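Dear colleague,

Please find below the structure for your consideration. My findings follow it.

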Amino acid sequence: MARRPIIAGNWKMNMTRAQAAQLITELKPLVADADAEVVICVPYTDIDTAVTLCKGSNIKVGAENVAWAEKGAFTGEISADMLLELGTEYVIIGHSERRQYFGETDASVNARLKTAIAKGLKPIVCVGETLEERESGKTDDVIETQVKGAFDGVSAEDAAKVVIAYEPVWAIGTGKTATSEQAEETIKAIRGVMAGLYGAAVADAVRIQYGGSMNPKNVKELMAQPDIDGGLIGGASLKAVDFSQVVNYKD
Ligand code: PGA
């Protein structure tokens, strides 16, 4: 089964509304003919602006997190209903920066994922090992624990529609990309974990992105790998030309 490539920007904590509007206005014509699915995941405060400006274009808008609870006393959290009301389509869950700085665990990632699915948001679930874990040969174990933890209690039908982003922590924002062989090997292992959980058809259908210093220079080689179905792009998504070159990696 052919999996449609998906290139998603992750703006992180960058871009005021005015800056967001400028970037999106510049970006739209540059990616209008893309074969890949194009997503920008933006700060909550930019979502309204982004959805308005992306209307009628091929750019879809995502959030960078979502609460597991439906509503209530959760100071600082944003619910799925709030995101959906603004026209948000995708949501990043379990990014390593959330795990590292804000105490996210496999259990909280799982809870957020189940809520996103139940509400009809399209999740991009992030997994990835630290440098220490890679160097001590633990990458596959770490990935397996994270994937199993994230998908606990998720049905096969729902799991097939989730996008997974493999992001080695040591490659994020460091300029150090995993080699295409390293990325392919681990993404293949993730597909193997999905096959173990859900069978071959789901493992074959699920789209798995690479993330970590993906840029216009290395995107082609990474995307040429058979198991890599797209990218989650941080730094290079903050400039329209750079992000468009990643999106249009085939040109
Ligand atoms: P980067 O970030 O492209 O700046 O390395 C990727 C990410 O964290 O999603």
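**Ligand site and overall fold**

In this predicted model, 13 residues surround the ligand, and those that come nearest are K12, H95, E167, G173 and S213. By residue class, the shell around the ligand comprises four nonpolar, seven polar and two charged residues.

Three contacts to oxygen atoms of the ligand may be of interest to you. K12 contributes through its side chain: one of its polar atoms lies 2.8 Å from an oxygen atom of the ligand. In S213, by contrast, a backbone N or O atom is placed 2.7 Å from a ligand oxygen atom. G235 also takes part through its backbone, with an N or O atom 2.8 Å from an oxygen atom of the ligand. On its own, the ligand has 280 Å² of accessible area, of which the protein covers 95%.

Where does the ligand sit? It occupies the second largest pocket.

As for the chain as a whole, it contains twelve helices and eight strands. Along the principal axes, its C-alpha atoms fill a box of roughly 45 × 45 × 35 Å. The radius of gyration of the chain is 17 Å; a compact globule of 251 residues would have a value near 18 Å, so the chain agrees with that expectation.

In summary, the ligand is 95% covered by the protein in terms of accessible area, and its polar contacts include the side chain of K12 and the backbone of S213 and of G235.

Yours sincerely

Methods:
Residues are numbered from 1 along each chain as its sequence is written. This is a predicted model: local features need pLDDT of at least 70, side-chain atom pairs count only at pLDDT 80 or more; totals for chains, interfaces and linings use all residues. Side-chain values use heavy atoms; hydrogens and water are left out. A residue is near a molecule or strand if one of its heavy atoms lies within 4 Å of it. A polar contact is a pair of N or O atoms within 3.5 Å; within protein, one must be able to donate a hydrogen and the other to accept it, and residues adjacent in sequence count only if both atoms are side-chain atoms. Accessible areas come from the Shrake-Rupley method with a 1.4 Å probe; for residues, only the protein chains shown count as cover. On a 1 Å grid over the protein atoms alone, a cavity is a set of points where a 1.4 Å probe fits but cannot get out, and a pocket is an open set with protein on both sides within 12 Å along at least five of seven lines; lining residues have an atom within 4 Å of a point. A molecule sits in a cavity or pocket if more than half of its atoms lie within 2 Å of its grid points. Ala, Val, Leu, Ile, Met, Phe, Trp, Tyr, Cys and Pro count as nonpolar, Asp, Glu, Lys and Arg as charged, and the others, Gly among them, as polar. Helices (H or I, at least four residues) and strands (E, at least two) are DSSP runs, numbered from the N terminus. The radius of gyration is taken over C-alpha atoms; the globule rule is 2.2 Å times the number of residues to the power 0.38.
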